[in-house]
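Take a look at the model below. We will start at the ligand and work outward through the spaces in the protein.

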Amino acid sequence: MSSVKETILEINLAHLTHNYNYLRSKLKPDVKLLAVVKAAGYGSDAVVMAKHLEKIGADYFAVAYVSEGIALREAGITTPILVLHPQPINFSVLIHYQLEPSLYSSRVLREFIAVAEVEKQKEYPVHIKFNTGLNRIGFWEDDVEYIIDHLKKTNTIKIQSLFSHLAASEDHNEKEFTINQINSFKKTASVMIAALGYTPILHQSNTSGVLNYPEAHFDMVRTGIGLYGYGNEAIYDNALKPVASLKSIISQIHMLEPGETLGYNRAFKAEGFIKTATIPIGHADGIGRQYGNKKGFVTVHGKKAYIIGNVCMDMIMIDITDIECNEGDEVIIFDNTSSAAIIAEDAGTISYELLTAISPRVKRVIIDNN
Ligand SMILES: *Cc1c(COP(=O)(O)O)cnc(C)c1O
C-alpha cells in the first residue's frame, strides 16, 4: 500500500533551493535574481515559493497580474514585486500594496502617471518594458523620446528598471534573432540612460536566457521555469530537480472483455481482455483532454500506463493490463523520474502548460527537509 491516499501535488523545497543555487551559479556574483512566481508559482503555491525564495536570497519577485502581487503582500512578502502585465483599473490598489508596475505602452504610462499624481506619489518605482521582437507587449525603440518627455513633466515616478523579453532563448536555431534582440535592447537602454542621467537595473533573460546567453544577463535575470526544475533542454533538465510531483492512487480496477468500450463517447474499445484502473484526477484538476486516448501516460510501480479513452472532469482511466497492481496503489502522473516535460511533449504541449494547469482543488503537500 502507498503512503499517498488521494491526489496530491508534493512540493519539495530542497529541490527549489537546489535549482536556485544552480541558476545562481550561472550568474556573476553581482547579477540580481528575480524569481517569477506568477500563475501560483507555476502551479505549485506562490506564497510557499516566495517565502522560501525570500529566505534563500531572491532579490526580486515578478507576477503577471496585480491580484497575484496582493496575495504575496498579504502573506507578508516584503521583497520588491514587479507586476509584468498590469491593467490601469488596478493601478491605485497596486500603489497601496507597494507593487511595481511594468509600463509597456504610451497609454499605460500616461494612466499610471495620472494615478500616481492622484495618490500623491513621489518617485514611485516603475519598470519600462521594451519590445525587441517578441511583439507581445512593450514600447518600441522609437518611443524613447515620448517616454522621456513624459518623465520630464513629473516627479511622481522613477524608473527602477528597463527590460525586454527574449522570444526564443531556448531555441538554438534562433540564435541570430536572439542576438539581434540583445543588441537592440542594449542600444535602446543606452539611449534611455543617456537621457535619464541615471542607470536603472537592466534585464532581458528568462530561464533559457540565463542558461544559453550569458551576454544577456545584464544586471538581473528573471527566472521562472528553471526554479521549478525544468530547463527546456535535456542537459539542463538533468541538472535541475522538479519541485512539484503529481501523485494519485488507483480508485478501482476493471476487467474488460473484447469489444467492450470505456469512458465517455465510448472513445476506447477493448481489442482483447484488458485490465483498467480509474484514477481520481481529470480535466478539472489540470489533466486536459489532450492527454486522453494514449497521448498521455502515468507510472504505476515504475511502469508506463497509458491514459485510455477520453479524460473525464474528475477521472482518467489507464491501461494496466501488464502491470501487477491493486486498488489503493500509488500512481505517479509526474515526478523526478517521470518528467512533466516529457509527458507534456508527448501530448503536443510544454511543461509550463502542464504545471500551471494543476487546479487549486489538488491538495498541495509541502516537503521541507531543511
Ligand atoms: C513568465 C516570464 C518570465 C519567466 O520565463 P521562464 O521561461 O519561466 O524563465 C520572464 N519574463 C517575463 C516577461 C515573463 O512573462
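How far is an oxygen atom of the ligand from a polar backbone atom of Ile-225? The distance is 2.8 Å. This is a predicted model, and every value here is computed from it.

The protein covers 93% of the 390 Å² of accessible area that the ligand has on its own. Two side chains also make polar contacts with the ligand. The side chain of Lys-38 has an N or O atom 2.7 Å from a ligand oxygen. For Tyr-42, the distance from a side-chain N or O atom to a ligand oxygen is 2.5 Å.

Now widen the view to the shell. It holds 13 residues. The closest are Lys-38, Tyr-42, Thr-207, Ile-225 and Tyr-352. By class, the shell has five nonpolar, five polar and three charged residues.

Where does the ligand sit? It occupies the largest pocket. Two elements give two or more residues to the shell around the ligand: helix 2, residues 38-43, and strand 9, residues 220-223.

Next, consider the pocket itself. The largest pocket contains about 890 Å³ of space. Its lining counts 39 residues. Nearest the centre of this pocket are Tyr-42, His-165, Asn-206, Ile-350 and Tyr-352. Tyr-42 and Tyr-352 are also among the closest residues to the ligand.

Several helices build the pocket wall. Helix 2, helix 9 (207-212), helix 10 (234-239), helix 11 (340-346) and helix 12 (351-357) each give two or more residues to the lining. Helix 2 thus appears in the pocket lining and in the ligand shell. The lining of the pocket divides into 18 nonpolar, 13 polar and eight charged residues.

Leave the pocket and turn to the enclosed spaces. How many cavities of 30 Å³ or more are there? The count is two.

The largest cavity holds about 40 Å³ of space. Gly-41, Tyr-42 and Ser-44 are among the residues that line it. Tyr-228, Tyr-230, Pro-242, Val-243, Ala-244 and Leu-355 also belong to this lining. Tyr-42 therefore deserves a second look: this residue lines the largest cavity, and its side chain has an N or O atom 2.5 Å from an oxygen of the ligand. The lining of the largest cavity has seven nonpolar residues, two polar and no charged.

The second largest cavity holds about 30 Å³. Ile-287, Tyr-291, Phe-297 and Val-298 are among its lining residues. Ile-307, Ile-333, Ile-343 and Leu-354 line it too. Here the classes give eight nonpolar, no polar and no charged residues.

Methods: Residues are numbered from 1 along each chain as its sequence is written. This is a predicted model: local features need pLDDT of at least 70, side-chain atom pairs count only at pLDDT 80 or more; totals for chains, interfaces and linings use all residues. Side-chain values use heavy atoms; hydrogens and water are left out. A residue is near a molecule or strand if one of its heavy atoms lies within 4 Å of it. A polar contact is a pair of N or O atoms within 3.5 Å; within protein, one must be able to donate a hydrogen and the other to accept it, and residues adjacent in sequence count only if both atoms are side-chain atoms. Accessible areas come from the Shrake-Rupley method with a 1.4 Å probe; for residues, only the protein chains shown count as cover. On a 1 Å grid over the protein atoms alone, a cavity is a set of points where a 1.4 Å probe fits but cannot get out, and a pocket is an open set with protein on both sides within 12 Å along at least five of seven lines; lining residues have an atom within 4 Å of a point. A molecule sits in a cavity or pocket if more than half of its atoms lie within 2 Å of its grid points. Helices (H or I, at least four residues) and strands (E, at least two) are DSSP runs, numbered from the N terminus. Ala, Val, Leu, Ile, Met, Phe, Trp, Tyr, Cys and Pro count as nonpolar, Asp, Glu, Lys and Arg as charged, and the others, Gly among them, as polar. Grid points are joined across faces, edges and corners, and a volume is the space filled by probe spheres set on the points.
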